[in-house]
2 protein chains.
Amino acid sequence: MRERENGYVLALHGGAEEPPKGQEEEAHAGLQAALRAGRAVLEGGGSAVEAVTAAVSALEDCHVFNSGHGAAFFADGSQAMDASIMDGRNHSAGAVANIFGPRNPVQAARLVMEKSDHVLMVGEGALAFCREHGIAMADRDYFFTEKKWRALQQTLAEKGQEPSALPRFRDTVGAVARDRQGNLAAATSTGGLTASLPGRVSDTACIGSGTFADNAVCAVTATGDGEVFMRWAAAHAVAARMQFAGQSAEQAGREVIFDLIGPGGGTGGLVVLAPDGTVAMPFNAEGMLRGYVREGGLLHTALADEPYRKTEA
Amino acid sequence: MRERENGYVLALHGGAEEPPKGQEEEAHAGLQAALRAGRAVLEGGGSAVEAVTAAVSALEDCHVFNSGHGAAFFADGSQAMDASIMDGRNHSAGAVANIFGPRNPVQAARLVMEKSDHVLMVGEGALAFCREHGIAMADRDYFFTEKKWRALQQTLAEKGQEPSALPRFRDTVGAVARDRQGNLAAATSTGGLTASLPGRVSDTACIGSGTFADNAVCAVTATGDGEVFMRWAAAHAVAARMQFAGQSAEQAGREVIFDLIGPGGGTGGLVVLAPDGTVAMPFNAEGMLRGYVREGGLLHTALADEPYRKTEA
């Protein structure tokens, strides 16, 4: 997917899972909407940080994906969200975890990055910080979706059965971008894992696990079995291979997914963007909802191991 | 500090800061007590995971250090603690953040590692999980120390002054060990940052930032300005240099502290243990409270850039 060294690039994912049956068109449309939102920023000369914020916000707004509107439910019926963002220019980073309220958790993560001295804030403290800065909030009705609620009921009913039988949601959305100045950024957001324990924090909130960006190395966003990605510091493990082992985005991404995450018991995927604009999107799940767009190019979207669908610019 | 390839090794820190004036003897005694606690486990054939749990628990119990009894206060006068642990045999990991209650937060982190499907749990959810498993709790009186309370009052009174004028506590305790089977483990625990915002989570809770262990690569525990360690995924950045750039524990540790953390605006230190038993403890702060012991050797402790004090076995 290497085309040219100049111009902007945006790549994103809506989770590594089997394409949602009967919602394939909605998934493509959701990915395209997010690509358009991020591209509009980049086309207008905006930064990579602004572009991944816009793209991930659009994914959060779409009920098909497990983040924001459409977040999964904890075992006790509550919902909580995690998100993070990182600026490859200077390693600035922000993240929130275990929050319920901000309409776009990725914007809360960005607020932590830009307006606090901290990197990760959780729970009530994070919410108080968000309210103080006037971030847009939403209520229980907004975040509720029938599909994710049914997944919880089914998971609880089948407790004790083989885990593979469970229709749990554990996915994530994320985006990486390079702007016209060559700056990289990454952002990730998730509604967590269906039926997990309240208080569980995912890799999505952990810089170096779910999200990483360094202008000189790469930008990465991860999705999948979060605990396995955390145990391997997956996003930074990609960066390490590119920085020190001379691997390409594709080699590094594949090695992390197939040699670490898979044998570690995890399924999922990665979106990796190299400084030269190369994009790699390896996954070991049945599918990964994903897409990319380059300056002057078409929108590319795919749900599984299939040719990309190309849509007007 | 490389002596022999066999036998156990335990190394630990009580934070990277100026040696606490008037408490130097207590600091040495606290470090020695923790070395003894961990050594007793290793001497009895226990695992590296058990040894770092015992050593960090002893550090948490000592009021000199900023963890457990002696934790720092948030801006609102509350306290909260973070801890993590990682088993180099299989990358198992557990962590807690923003909790108040468990007497030994590192034991809560180990509980998450061993008894949950999760890696990181925070706040009320983490506490409910701890209570369910009957972990020992302590109350406000136990965690209160006059010194840390005064630090908060002073910090709040001086708000707006140059940050360097502030006597904030931001330190951490941690340990790494190699057991007789050659297994590595790492654990870290902190009382957080004086006067930080409630809900702030430190690098100590983030696998790959404050703590990392892989039998084939190294075990690492970090201390210092947590946000900077998170932005650089410091613990995994050490591992990456040892795994892919052929660096020694000393080279990798120094490069991360002096080329990433320092220029990134952070002070702190690292304890790094290589699979061959080599220990490196680089720091760019005025001091680092630290110590190590090898099978059959003396207890070594130091507070600043000075010769190690050697104590009976």
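Helices here are DSSP runs of H or I with at least four residues, and strands are runs of E with at least two. Keep that in mind while you colour by secondary structure. The model on screen is predicted.

**Stop 1: chain A, whole**

Select chain A. By that assignment, chain A has nine helices and 14 strands. Orient the view along the principal axes. The C-alpha atoms then fill a box of roughly 50 × 45 × 40 Å. How does the radius of gyration of chain A sit against that of a compact globule? For 313 residues, the globule would come near 20 Å; chain A has 17 Å, so the two agree.

**Stop 2: inside and outside of chain A**

Colour chain A by relative accessible area. Of its 313 residues, 67% are buried, where buried means under 20% relative accessible area. Now draw the contacts with a sequence separation of 6 or more. Residues 24 or more positions apart account for 67% of them in chain A.

Switch on the surface. Chain A exposes about 10,300 Å². Carbon and sulfur atoms supply 47% of that area. Next, mark the charges. Chain A carries 27 positive and 38 negative ones. Their mean positions lie 2 Å apart.

**Stop 3: both chains**

Show chain B as well. What rotation superposes chain B on chain A? A turn of 180 degrees does, with 0.0 Å of shift along the axis and an RMSD of 0.0 Å. This is the relation of a two-fold axis. Both copies use the same surface: 100% of the contact residues of chain B recur in chain A.

**Stop 4: A:Phe244**

Select A:Phe244. This residue belongs to helix α8 of chain A, which covers residues 234-244. Which residues does A:Phe244 contact, leaving aside neighbours within four places in sequence? They are B:Ala240, B:Arg241, B:Phe244 and B:Ala245. Now add A:Ala136 and draw a distance. A:Ala136 is 108 residues from A:Phe244 along the chain, and their C-alpha atoms are separated by 41 Å.

**Stop 5: B:Thr172**

Move to chain B and select B:Thr172. You are in strand β5, residues 172-178. Is B:Thr172 buried or exposed? Its relative accessible area is 2%, so B:Thr172 counts as buried. Display what touches B:Thr172, skipping residues up to four places away in sequence. The contacts include B:His13, B:Gly14 and B:Gly15, as well as B:Asn66. B:Thr188, B:Ser189 and B:Thr190 are also among them. To finish the set, add B:Thr204, then B:Ala222, B:Thr223 and B:Gly224.

Notes. Residues numbered from 1 in each chain as written. Chains lettered and ligands numbered in written order. Predicted model: local features only at pLDDT ≥ 70, side-chain atom pairs only at ≥ 80, totals over all residues. Heavy atoms only, no water. Buried < 20%, exposed > 50% of the residue type's maximum accessible area, 1.4 Å probe, protein only. Contact = heavy atoms within 4.5 Å. Rg over C-alpha atoms; globule rule 2.2 N^0.38 Å. Areas by Shrake-Rupley, 256 points an atom, 1.4 Å probe, with all protein chains shown as cover. Lys, Arg positive; Asp, Glu negative; His and termini not counted. Charge placed at Lys NZ, Arg CZ, Asp CG, Glu CD. Least-squares fit on C-alpha atoms with pLDDT ≥ 70 in both.
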